[in-house]
Amino acid sequence: MTTIYDIAKAANSSTASVSRVMNGKAGVKPETAARIHKAMGDLNFQPRWRVMEQNRLVVLIPNYKRALESSYIARILSGITDTAFKMGYNIQLRPFNTKNCNPKHLRQMLIQEAAAGCLIISLNENYFPSADIDLTSLPHVIVGHKQKDNGINQIFIDDFKAGYDATKYLIDIGHQQIGIVSFSQIDIGHKARCNGFRKALQEAKLDTNESIELDDASIDAGRSAARHLFNLQKHPTALVITNEDLAIGFQLEAKTMGITVPNDISIVTFEESDLPSLLDTPMTAMRTPSYSMGIAATRTLEEQIENSKKDKQAGPIESLSESITIPLVVRKSTQKLKQIKI
């Protein structure tokens, strides 16, 4: 059995440094820690006291301040924990740093945490494993926006279809002048929603009436979009707004300008919390199924773990990329065009 003395010898370091790295303590130079991690991975080191504790799942969450205040992340975590606890697993939360996300570090982390598998909650390019990461040998599932099918297991929402469905709904209730307010299309999810929006208009042989792309997905940015739109000589009869904070700000500013929703303009937004439903005019929305994503991801991970137990000599884990449809919830912010006072 590999010991910390073997690790220290292979890494040309002291056993004290190995112990610090194993226990996540500071005080070890980065280059030394890197050698120790490499040696632990090469020797497949696993502490004796953790060998039998394979009932833990590691969940990596984006390492930005107050991440757990995000309704999107909180609902995914709720789905994960509710499902994992029923299955008899414990949960270990870890911050997710894209710069340090590589298969060797993940593998060693799973060993150190005595983890059976890993769930990674992704947001955008800043909080997503690099496109070339190879996780085929690890029980893992990425939960969130889709990037590429490079040997990864992923549960994601179909943002393209959601953008298409939101726009198609507005077309079906009679709107032909439809605009869009979006966060920067550098973001994967928002870009896909915009592409779905354009596809629906293209099929209906309609042109985009107004497109506003913002660098900030905030309530203040939504207010700014409303001021811009309603100062135009002619504005759309309907809007798709790809972020709930933008939509909230837009509706609040419209009210101060004497614009009423939906009499003057219909709005479909995307929501990840309950806020759009609590406005003076509850918003029609594509409701992100975050909780269901957490459930699906945990079930997929558990299936991988069970398969690996049955076949210890199994090869790479079969890649699975599963999309979950975003449902439309019709409320009070939309109505048929014939009822709108232009």
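Select helix H1 (4-11) and colour it by accessibility: Tyr5, Lys9 and Ala10 are exposed on one side of H1, the other side from the buried residues. The model in the viewer is a predicted one, and every value quoted on this tour is computed from it. Turn H1 over to find Ile7, Ala8 and Ala11, which are its buried residues. These three cover an arc of only 100° around the axis, which puts them on the same side of H1. An α-helix has 3.6 residues a turn, so residues three or four places apart point the same way. To see what lies over the buried side of H1, show H2 and helix H3 (30-42), which are among the elements that cover it.

Which residue takes a positive phi just after H1? Select Asn12, where phi is about 55° although the residue is not a glycine. Asn12 sits in the loop that runs between H1 and helix H2 (15-22), and with a relative accessibility of 66% it counts as exposed.

For another residue of this kind, go to Lys205, in the loop between helix H7 (188-203) and S7. Lys205 is not a glycine, yet its phi is positive, at about 60°; its relative accessibility of 77% makes it exposed. Most residues other than glycine have a negative phi, and most peptide bonds are trans.

A backbone feature of another kind is found by selecting Val261 and Pro262, since the peptide bond from Val261 to Pro262 is cis, with omega near 10°. Pro262 belongs to the loop between H9 and strand S9 (266-271).

Next, display helix H8, whose 12 residues reach 17 Å from the first C-alpha to the last, close to the 16 Å expected at 1.5 Å a residue. Its buried residues are Ala221, Gly222, Ala225, Ala226, Leu229 and Phe230. They cover an arc of only 160° around the axis, which puts them on the same side of H8. Which elements are included in what covers these buried residues of H8? Show strand S6 (178-183), strand S7 (211-214), strand S8 (238-241) and H9, which are included in that cover.

Stay with H8 and H9 and show the rings of Phe230 and Phe250, which form a tilted aromatic pair, 5.4 Å centre to centre and with 55° between the planes. Phe230 lies in helix H8 (residues 219-230) and Phe250 in helix H9 (residues 244-256), so the pair ties together parts that are 20 residues apart in sequence. Both Phe230 and Phe250 are buried, and the count of aromatic pairs in this model comes to one.

Now move along H9 to Glu253, a residue that is buried, with a relative accessible area of 11%. The side chain of Glu253 is joined to that of Arg223 by a polar contact of 2.8 Å. If residues up to four places away in sequence are left aside, Glu253 touches Arg223, Ala226 and Arg227; of these, Ala226 has already appeared among the buried residues of H8.

Then select Glu244, which is also placed in helix H9. Is Glu244 buried or exposed at 11% relative accessibility? Glu244 counts as buried at that value, since the cut-off for buried is under 20% relative accessible area. Glu244 lies 8.5 Å from Ile219, C-alpha to C-alpha, while the two are 25 residues apart in sequence. With residues up to four places away in sequence not counted, Glu244 touches Thr269, Phe270, Glu271, Glu272, Ser273 and Pro276. Two polar interactions of its side chain are worth displaying here: the side chain of Glu244 reaches the backbone nitrogen of Glu272 at 2.7 Å, and a polar contact of 2.7 Å joins the side chains of Glu244 and Ser273.

Finally, zoom out to the whole protein chain, whose secondary structure comes to 10 helices and 12 strands. Buried residues make up 49% of its 342 residues. Of the contacts in the chain with a separation of 6 or more, 74% are between residues 24 or more positions apart. A surface view of the chain shows about 16,700 Å² exposed, with carbon and sulfur atoms supplying 49% of that area.

Definitions and conventions: Residues numbered from 1 in each chain as written. Predicted model: local features only at pLDDT ≥ 70, side-chain atom pairs only at ≥ 80, totals over all residues. Heavy atoms only, no water. Phe/Tyr/Trp six-rings, centres within 6.5 Å; stacked < 30°, edge-to-face > 60°. Helix = DSSP H or I, 4+ residues; strand = E, 2+ residues; numbered from the N terminus. Buried < 20%, exposed > 50% of the residue type's maximum accessible area, 1.4 Å probe, protein only. Expected span 1.5 Å × (residues − 1). Arc of directions from axis to C-beta. Contact = heavy atoms within 4.5 Å. Areas by Shrake-Rupley, 256 points an atom, 1.4 Å probe, with all protein chains shown as cover. Polar contact = N/O pair within 3.5 Å; in protein donor to acceptor, adjacent residues only side chain to side chain.
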